[in-house]
Amino acid sequence: MIRIKGLSFRYSGGVKNALSDISLDIGKGDFLGIIGASGAGKSTLTYAINGVVPHYIRGDFYGEVVVSGLDTVKAGPETLARHVGSVLQDIDGQMVSSVVEDELLFGLENFGVPHGEIESRIEESLAAAGISELRSRDIGTLSGGQKQKVAIAAIMALRPEIIVLDEPTGELDPQSSRRVFETLRSLNEENGVTIVVVEQKIMLLCEFAGRLAVMSGGKLISEGRVKDVLMDADKLEGAGVNIPRVATLARLLRKKGLYSGDTPADLRQAEAMMREVLSDAAV
Amino acid sequence: MLRFENVFFYRESANTISEVSFDLREGEFAALIGENGAGKSTLCRLCNGLLKPASGRVTVCGHDTATVSTSRIARDTGFLFQNPDMQLCQNTVYGEIMFGLEYALSDPEERKRRTGEILELFSLDGGRDPFSMSRGERQHVALASILACKPRLLILDEPTTGLDYRECVTIMGIISRLHSDGTTILMVSHDMEVVADFAVRALVLSKGRLIADGPVRQIMKDKKVLDEASLLPPQIPALAMLIGGDFSDVLTADEMAETAERAVRQKGARK
Ligand SMILES: Nc1ncnc2c1ncn2[C@@H]1O[C@H](COP(=O)(O)OP(=O)(O)OP(=O)(O)O)[C@@H](O)[C@H]1O
Ligand SMILES: Nc1ncnc2c1ncn2[C@@H]1O[C@H](COP(=O)(O)OP(=O)(O)OP(=O)(O)O)[C@@H](O)[C@H]1O
Ligand SMILES: [Mg+2]
Ligand SMILES: [Mg+2]
């Protein structure tokens with residue numbers, strides 16, 4: 001679905017490569033999480049997938065990016081936009097309308113969604129983002145998190161083959177963050193939408209993503225199943241990425257000689273770990 | 001240091017600030033938490049006089065915000081906006097910090113010296129253009145520029161949003177050092193781990209009302225309050241609640257490992 005081969009990119013005026021020799025295959029129906037330190041090149045990588053680089057942002061581009069069979073350098077950004085929906089990190093730059101409803105409508109009409117379907121799509125995606133009551137509000141008067149939800153709803157309404165999200169939950173409250181990932185999961189599982197999401201909340205990635213890519217200094221330093229990537233805690237820490245607290249707990253328990261099993265990735269697995277530790281105590 | 005007395009604030013939209021009262025004493029570190037749209041950023045703007053209460057009173061360092069100018073308040077109060085781009089306006093990092101110091105330090109030589117110190121403390125390259133930096137890097141610059149003024153009261157609206165883990169640790173380290181040096185802090189955050197690690201007191205805002213005000217340790221276990229404000233406990237307290245018993249008061253991974261060790265030893269001894 002997305003094939004990146006030997007991709008390097010340097011912003012014009014930049015002193016070093018923002019991306020260095022990245023190769024990555026993302027299959028149809030994958031749910032890929034991208035994590036890494038600030039400045040690692042995560043946003044730039046999303047730009048390479050949606051064609052912002054090299055079409056809107058100039059620089060030195062080497063290598064090849066093929067999305068849904070289209071070479072991103074040859075295909076125009078409008079053509080790419082029919083396949084890839086993006087939620088940018090800077091959502092203020094993304095919004096084009098002044099009223100919430102229009103923001104969704106604008107995208108749906110541009111995308112060529114049949115008129116009979118538009119109303120139900122708007123209703124559904126506003127409800128999924130938990131902002132039905134904001135429908136006729138002026139975007140300029142929304143809180144940070146409310147705006148972020150509008151940007152997410154607007155892309156989800158389009159139901160593109162691929163959705164790329166750049167730190168979509170940065171300003172969301174904890175329950176809303178989870179709800180966004182639950183909605184992504186259902187789009188992924190039920191409609192086969194390919195999801196690529198940059199996210200700092202490792203806990204959410206561990207629970208929802210199938211694969212994890214770790215970036216550092218413009219390079220892809222680790223990529224694979226979440227469980228496998230998580231095992232190399234030192235490498236993650238070296239890249240400025242934290243491990244979930246339950247993984248830290250596993251480490252502490254190992255150090256005390258109380259536990260020797262797998263590193264838990266989420267709360268459920270952590271509960272099993274604790275029960276094991278405590279039952280050993282019973283014998 | 002910061003007092004709200006029965007404060008109301010209205011907007012055309014449904015949600016406002018209603019009946020909010022609290023008193024933040026000198027040297028306290030409080031987190032302001034609550035769902036999107038709860039009114040946290042609005043409350044922050046009421047603190048520094050950018051907004052005035054419709055009724056009730058807000059007092060900052062002894063000044064009533066309704067009667068004193070915002071620049072007077074700004075002399076004691078550092079304010080970080082939710083979006084760093086609302087704050088940055090110069091084309092170099094150096095210029096940005098110098099600009100931020102204009103009110104605080106009148107002597108240009110001293111301003112230069114302080115700017116140098118801050119650039120070093122934050123490991124920033126003064127020559128860079130903030131707008132060619134990543135979001136996390138820009139956030140770093142905005143925070144550096146506020147801390148340069150050494151405010152007595154710091155109002156931080158989501159200081160770690162857009163930061164990676166390492167930066168989050170660095171920034172929170174700086175903030176907690178300021179706190180140990182006596183700075184009073186009110187911090188909005190959606191990251192309950194940051195709240196549990198650093199704040200002592202939590203103010204929970206939901207639909208414009210203060211629905212809880214107490215020790216972080218206690219609020220992170222209050223399912224009813226957390227649910228009402230669309231919050232979730234951090235992983236370790238959530239795990240502690242699942243395990244129960246001796247663990248129900250645990251807040252951090254260290255505490256949990258120690259409690260487990262104790263439990264294992266006790267059972268071993270009994271055997
Ligand atoms: N317009 C630009 N011009 C020059 N350099 C840039 C530009 N945008 C980003 N960079 C640089 O490219 C590198 C990668 O930036 P990018 O925004 O992709 O990082 P990121 O991993 O998304 O970081 P964050 O977590 O802070 O969003 C950084 O060193 C950044 O300073
Ligand atoms: N200028 C405005 N005009 C009308 N309503 C507004 C304005 N600014 C904010 N609001 C509304 O007031 C309420 C409180 O907004 P505020 O920005 O204080 O929320 P918040 O708690 O900071 O949320 P978030 O976590 O998303 O940042 C929201 O419902 C918001 O839509
Ligand atoms: Mg980014
Ligand atoms: Mg806010």
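A helix here is a DSSP run of H or I with at least four residues, and helices are numbered from the N terminus. The model is predicted.

**Exercise 1. Place A:Pro54 and describe the peptide bond that joins A:Val53 and A:Pro54.**

Step 1. Find the element. A:Pro54 sits in helix α2 of chain A, residues 52-55.
Step 2. Read the bond. The peptide bond between A:Val53 and A:Pro54 is cis, with omega about 5°.
Step 3. Set this against the general rule. Most peptide bonds are trans.

**Exercise 2. Find which residues coordinate the magnesium ion (ligand 3), and say where they sit in the chain.**

Step 1. Name the donors. OG of A:Ser43 and OE1 of A:Gln89 coordinate the magnesium ion, at 2.0 to 2.1 Å.
Step 2. Locate each one. A:Ser43 belongs to helix α1 of chain A, while A:Gln89 is in the loop between β6 (84-87) and α4 (100-110) of chain A.
Step 3. Note the separation. The two are 46 residues apart, so the pair links distant parts of the chain.
Step 4. Check exposure. The cut-off for buried is under 20% relative accessible area. A:Ser43 and A:Gln89 are both buried.

**Exercise 3. Describe the surroundings of ligand 1.**

Step 1. Count the shell. Ligand 1 has 20 residues around it. The closest are A:Ser38, A:Gly39, A:Lys42, A:Ser43 and A:Thr44.
Step 2. Place the ligand. Ligand 1 lies between chains A and B.
Step 3. List some polar contacts. A polar backbone atom of A:Gly41 is 2.9 Å from an oxygen atom of ligand 1. For A:Gln89, a polar side-chain atom lies 2.9 Å from a ligand 1 oxygen atom. Chain B adds B:Arg128, with a side-chain N or O atom 3.1 Å from an oxygen atom of ligand 1.
Step 4. Judge the cover. On its own, ligand 1 has 640 Å² of accessible area, and the protein covers 86% of it.
Step 5. Name the elements. α1 (42-50) of chain A and α5 (135-147) of chain B each give two or more residues to the shell.
Step 6. Sort by class. The shell holds four nonpolar, 10 polar and six charged residues.

**Exercise 4. Explain why the site of ligand 2 is shared between chains, then describe the site.**

Step 1. Give the reason. The site is shared because residues from chains A and B surround ligand 2.
Step 2. Name the nearest residues. There are 21 residues around ligand 2, and A:Arg137, A:Ser143, A:Gln146, B:Lys40 and B:Thr42 come nearest.
Step 3. Take the contact from chain A. A polar backbone atom of A:Thr141 is 3.1 Å from a nitrogen atom of ligand 2.
Step 4. Turn to chain B. A polar backbone atom of B:Ala38 is 3.2 Å from an oxygen atom of ligand 2. At B:Ser41, a backbone N or O atom lies 2.8 Å from an oxygen atom of the ligand.
Step 5. Judge the cover. Ligand 2 alone exposes 640 Å², of which the protein buries 89%.
Step 6. Name the elements. α6 (144-156) of chain A and α1 (40-47) of chain B each give two or more residues to the shell.
Step 7. Sort by class. Two residues of the shell are nonpolar, 14 are polar and five are charged.

**Exercise 5. State how many disulfides the structure has, and explain why A:Cys206 forms no bond with the closest cysteine.**

Step 1. Give the total. Over all chains there are zero disulfides.
Step 2. Recall the cut-off. A disulfide needs two cysteine sulfur atoms within 2.5 Å.
Step 3. Test A:Cys206. The closest cysteine sulfur, in B:Cys168, is 17 Å away, so it is too far for a bond. A:Cys206 is buried, at 8% relative accessible area.
Step 4. Test B:Cys89. The nearest cysteine sulfur is that of B:Cys149, 13 Å away, and B:Cys89 is in no disulfide. B:Cys89 counts as partly exposed because its relative accessibility is 46%.

**Exercise 6. Decide where B:Asn6 and B:Ser123 lie, and whether each is exposed or partly exposed.**

Step 1. Recall the rule for phi. Most residues other than glycine have a negative phi.
Step 2. Take B:Asn6. Phi is positive, near 45°. B:Asn6 lies in strand β1 of chain B, residues 2-9. At 40% relative accessibility, B:Asn6 is partly exposed.
Step 3. Take B:Ser123. Phi is positive here too, about 45°. B:Ser123 is in the loop between α4 (108-121) and α5 of chain B. With a relative accessible area of 64%, B:Ser123 is exposed.

Notes:
Residues numbered from 1 in each chain as written. Chains lettered and ligands numbered in written order. Predicted model: local features only at pLDDT ≥ 70, side-chain atom pairs only at ≥ 80, totals over all residues. Heavy atoms only, no water. Near = heavy atom within 4 Å. Polar contact = N/O pair within 3.5 Å; in protein donor to acceptor, adjacent residues only side chain to side chain. Areas by Shrake-Rupley, 256 points an atom, 1.4 Å probe, with all protein chains shown as cover. Nonpolar A, V, L, I, M, F, W, Y, C, P; charged D, E, K, R; others polar. Donors = N, O, S within 2.8 Å, 3.2 Å for Na, K, Ca; no water. Buried < 20%, exposed > 50% of the residue type's maximum accessible area, 1.4 Å probe, protein only.
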